[in-house]
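Notebook open, structure loaded. I want to look up a few residues one at a time, then turn to the ligand and the core.

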Amino acid sequence: DAQRLSESDPNAKQLGYVEDASKVDKGRYSNYAAGQECSNCSLYQGQPGDDAGGCTLFGAKRVAAHGWCSSYSNL
Ligand code: SF4
């Protein structure tokens with residue numbers, strides 16, 4: 001899926017993006033809190049039930065609904 005953001009994408013790496021929020025490096029990203037994931041981040045553009053959706057930080061690439069990155073926001 002070329003339109004899906006890869007964890008190895010340089011921009012993804014810079015923000016510590018992971019496809020599975022349970023795999024966040026909690027030592028490195030102390031702002032992570034249990035329950036946070038792309039699907040409940042205010043920058044996520046996907047619809048409920050989608051397994052992936054857009055993120056305003058990653059242009060045309062879709063992020064995993066259960067993913068996470070260090071720019072997570074619930075504001
Ligand atoms: Fe996921 Fe939010 Fe990070 Fe975008 S900003 S990758 S929706 S946690």
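I started with Cys 41, which counts as buried because its relative accessibility is 14%, under the 20% cut-off. Worth keeping in mind: this is a predicted model.

**Entry: Cys 41.** I looked up where Cys 41 sits, and the answer is the loop between helix 1 (10-14) and strand 1 (52-54). Setting aside residues up to four places away in sequence, I found Cys 41 touching Tyr 72 and Ser 73. I also checked Cys 41 against Cys 69: they are 28 residues apart in sequence, and their C-alpha atoms are 9.8 Å apart in space.

**Entry: Ser 42.** Next I took Ser 42, also placed in the loop between helix 1 and strand 1. Is Ser 42 buried or partly exposed? Ser 42 has 38% relative accessibility, so I put it down as partly exposed. With residues up to four places away left out, Ser 42 touches Ser 73, Asn 74 and Leu 75. Ser 73 is thus on my contact list for Cys 41 and on my list for Ser 42. From Ser 42 to Leu 57 I noted 15 residues in sequence and 11 Å in space, C-alpha to C-alpha.

**Entry: the ligand.** Which residues are around the ligand? I wrote down Tyr 17, Cys 38, Cys 41, Leu 43, Tyr 44, Cys 55, Leu 57, Phe 58, Val 63, Cys 69 and Tyr 72. So Cys 41 from my opening entry is in this group. I sorted the shell by type and got 11 nonpolar residues, no polar and no charged. The space the ligand takes up is the largest cavity.

**Entry: Val 18.** I found Val 18 in the loop between helix 1 and strand 1 as well. Val 18 counts as buried, because its relative accessibility is 13%. Beyond residues up to four places away in sequence, Val 18 touches Glu 7, Lys 23, Val 24, Gly 67 and Trp 68. Val 18 and Ser 6 are 12 residues apart in sequence, with 8.5 Å between their C-alpha atoms.

**Entry: Trp 68 and the core.** Val 18 led me to Trp 68, so I pulled its contacts too. Leaving out neighbours within four places in sequence, Trp 68 is in contact with Gly 16, Tyr 17, Val 18, Ala 21, Val 24, Tyr 29, Asn 31, Tyr 32, Gln 36, Glu 37 and Cys 38. Then I opened the largest nonpolar core, which has 20 residues. Which of them touch the most other members? I noted Leu 5, Tyr 17, Val 24, Val 63 and Trp 68. Tyr 17 and Val 63 are also among the residues around the ligand.

Note on methods: Residues numbered from 1 in each chain as written. Predicted model: local features only at pLDDT ≥ 70, side-chain atom pairs only at ≥ 80, totals over all residues. Heavy atoms only, no water. Core = buried A, V, L, I, M, F, W, Y, C linked by side-chain atoms within 4.5 Å. Buried < 20%, exposed > 50% of the residue type's maximum accessible area, 1.4 Å probe, protein only. Contact = heavy atoms within 4.5 Å. Near = heavy atom within 4 Å. 1 Å grid on protein atoms, 1.4 Å probe; cavity = no way out; pocket = protein on both sides within 12 Å on 5 of 7 lines; lining within 4 Å. Sits in = over half its atoms within 2 Å of the grid points. Nonpolar A, V, L, I, M, F, W, Y, C, P; charged D, E, K, R; others polar. Helix = DSSP H or I, 4+ residues; strand = E, 2+ residues; numbered from the N terminus.
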